[in-house]
Amino acid sequence: MGIDPGLTRCGLGVVEGAPGRPPALVDVGVARTPSELDTARRLVQLETAVEEWVQRHRPEVVAVERVFAQHNVHTVMGTAQAAGVAMLVAARHGIPVVLHTPSEVKAAVTGSGRADKSQVGLMVARILRLDEPPKPADAADAVALAIAHVWRGAAINRYAEAVAAHRTSRPRTPTSRRAS
């Protein structure tokens with residue numbers, strides 16, 4: 001499940017797939033909150049929406065877009081709060097959460113970390129064999145996150161497992177140091 005966090009529009013996308021085979025779209029949508037509500041009530045509405053999606057789809061992993069600094073501090077605060085809500089819901093259900101930067105997602109689905117939103121949407125439609133990109137762009141971005149994780153996640157998970165196995169297989173001596 002991919003989540004493109006936002007306080008006004010939070011994109012949600014679920015795909016099924018595995019590395020080496022084309023992913024299939026399961027569901028896509030956007031959770032919206034009215035800007036006239038105070039932030040706390042908007043976060044509760046987002047939590048309810050993400051909870052419904054998690055219960056309905058039972059994802060194996062939740063991929064959330066990593067919040068990055070923007071010029072508008074007010075916007076980045078709302079985005080970070082929405083990301084926190086998504087992470088909280090997943091954690092409550094025992095679902096692993098991974099964070100991907102926008103450029104990682106763009107590079108995974110378009111081949112360029114500098115692709116614009118329309119290019120991402122067009123590639124999501126092409127990858128999933130859809131007639132048109134999911135609308136609005138927040139929905140397409142959420143699906144792109146899910147696709148990027150399906151394609152990149154297996155490699156990331158294999159690396160983490162190899163590091164963990166290496167750490168547990170090394171004999172510990174007073175002079176050995178643990179890598180971090």
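1. The protein chain contains five helices and five strands. Along the sequence these elements follow the pattern β-β-β-α-β-α-β-α-α-α. The model is a predicted one, and the points below should be read accordingly.

2. Of the 180 residues in the protein chain, 39% count as buried. Where contacts link residues at least 6 apart in sequence, 62% of them join residues at least 24 apart.

3. The largest nonpolar core holds 22 residues, and Met1, Ile3, Leu12, Leu46 and Val62 touch the most other members. Strand E4 (62–65) and helix H2 (73–92) each supply at least two residues of this core, as do E2 and H1. A second, separate core has 15 residues, among them Val120, Ile127, Leu128 and Ala146.

4. Ile3 merits individual mention within the largest core. Leaving out residues up to four places away in sequence, Ile3 touches Cys10, Gly11, Leu12, Val50, Val62, Ala63, Val64, Glu65, Ala86, Ala142 and Leu145. Two of the names in this list, Leu12 and Val62, also stand with Ile3 among the core residues that touch the most other members.

5. The second largest pocket has a volume of about 480 Å³. Strand E2 (9–18) and helix H5 (137–169) are the elements that give two or more residues to its lining. H5 gives the most, with six residues.

6. In total, 20 residues line the second largest pocket, and those nearest its centre are Val15, Gly17, Glu60, Val61 and Val150. By character, the lining divides into twelve nonpolar, five polar and three charged residues.

7. Pro23 is placed in strand E3 (residues 21–32). Its relative accessibility is 6%, so Pro23 counts as buried, the limit being under 20%. Beyond its neighbours within four places in sequence, Pro23 is in contact with Val15, Glu16, Gly17, Ile127, Leu128, Ile147 and Trp151. Val15 and Gly17 in this list are also among the residues nearest the centre of the second largest pocket, while Ile127 and Leu128 belong to the second core. Pro23 and Val150 are 127 residues apart in sequence, yet their C-alpha atoms are 7.9 Å apart in space.

8. His57 is found in helix H1 (residues 39–57). The side chains of His57 and Asp27 are joined by a polar contact of 2.9 Å. With residues up to four places away in sequence not counted, His57 touches Val14, Val26 and Asp27.

9. Arg58 lies in the loop between H1 and E4. Although Arg58 is not a glycine, its phi is positive, at about 45 degrees. Arg58 has a relative accessible area of 57% and is therefore exposed, the limit being over 50%.

10. Arg129 also has a positive phi without being a glycine, here of about 55 degrees. This residue is in the loop between H4 and H5. Arg129 counts as exposed because its relative accessible area is 67%, and exposed means over 50%.

11. The peptide bond joining Lys135 and Pro136 is cis, with omega at about -10 degrees. Pro136 lies in the loop between helix H4 (117–127) and H5. Arg129, discussed in the preceding point, is placed in the loop between H4 and H5 as well. A reader inspecting the model may wish to view Arg129 together with the cis bond at Pro136.

Conventions: Residues are numbered from 1 along each chain as its sequence is written. This is a predicted model: local features need pLDDT of at least 70, side-chain atom pairs count only at pLDDT 80 or more; totals for chains, interfaces and linings use all residues. Side-chain values use heavy atoms; hydrogens and water are left out. On a 1 Å grid over the protein atoms alone, a cavity is a set of points where a 1.4 Å probe fits but cannot get out, and a pocket is an open set with protein on both sides within 12 Å along at least five of seven lines; lining residues have an atom within 4 Å of a point. Grid points are joined across faces, edges and corners, and a volume is the space filled by probe spheres set on the points. Helices (H or I, at least four residues) and strands (E, at least two) are DSSP runs, numbered from the N terminus. Ala, Val, Leu, Ile, Met, Phe, Trp, Tyr, Cys and Pro count as nonpolar, Asp, Glu, Lys and Arg as charged, and the others, Gly among them, as polar. A polar contact is a pair of N or O atoms within 3.5 Å; within protein, one must be able to donate a hydrogen and the other to accept it, and residues adjacent in sequence count only if both atoms are side-chain atoms. Contact means heavy atoms within 4.5 Å. Buried means under 20% relative accessible area, exposed over 50%, partly exposed in between (1.4 Å probe, protein chains only). A nonpolar core is a set of buried Ala, Val, Leu, Ile, Met, Phe, Trp, Tyr and Cys residues joined through side-chain atoms within 4.5 Å.
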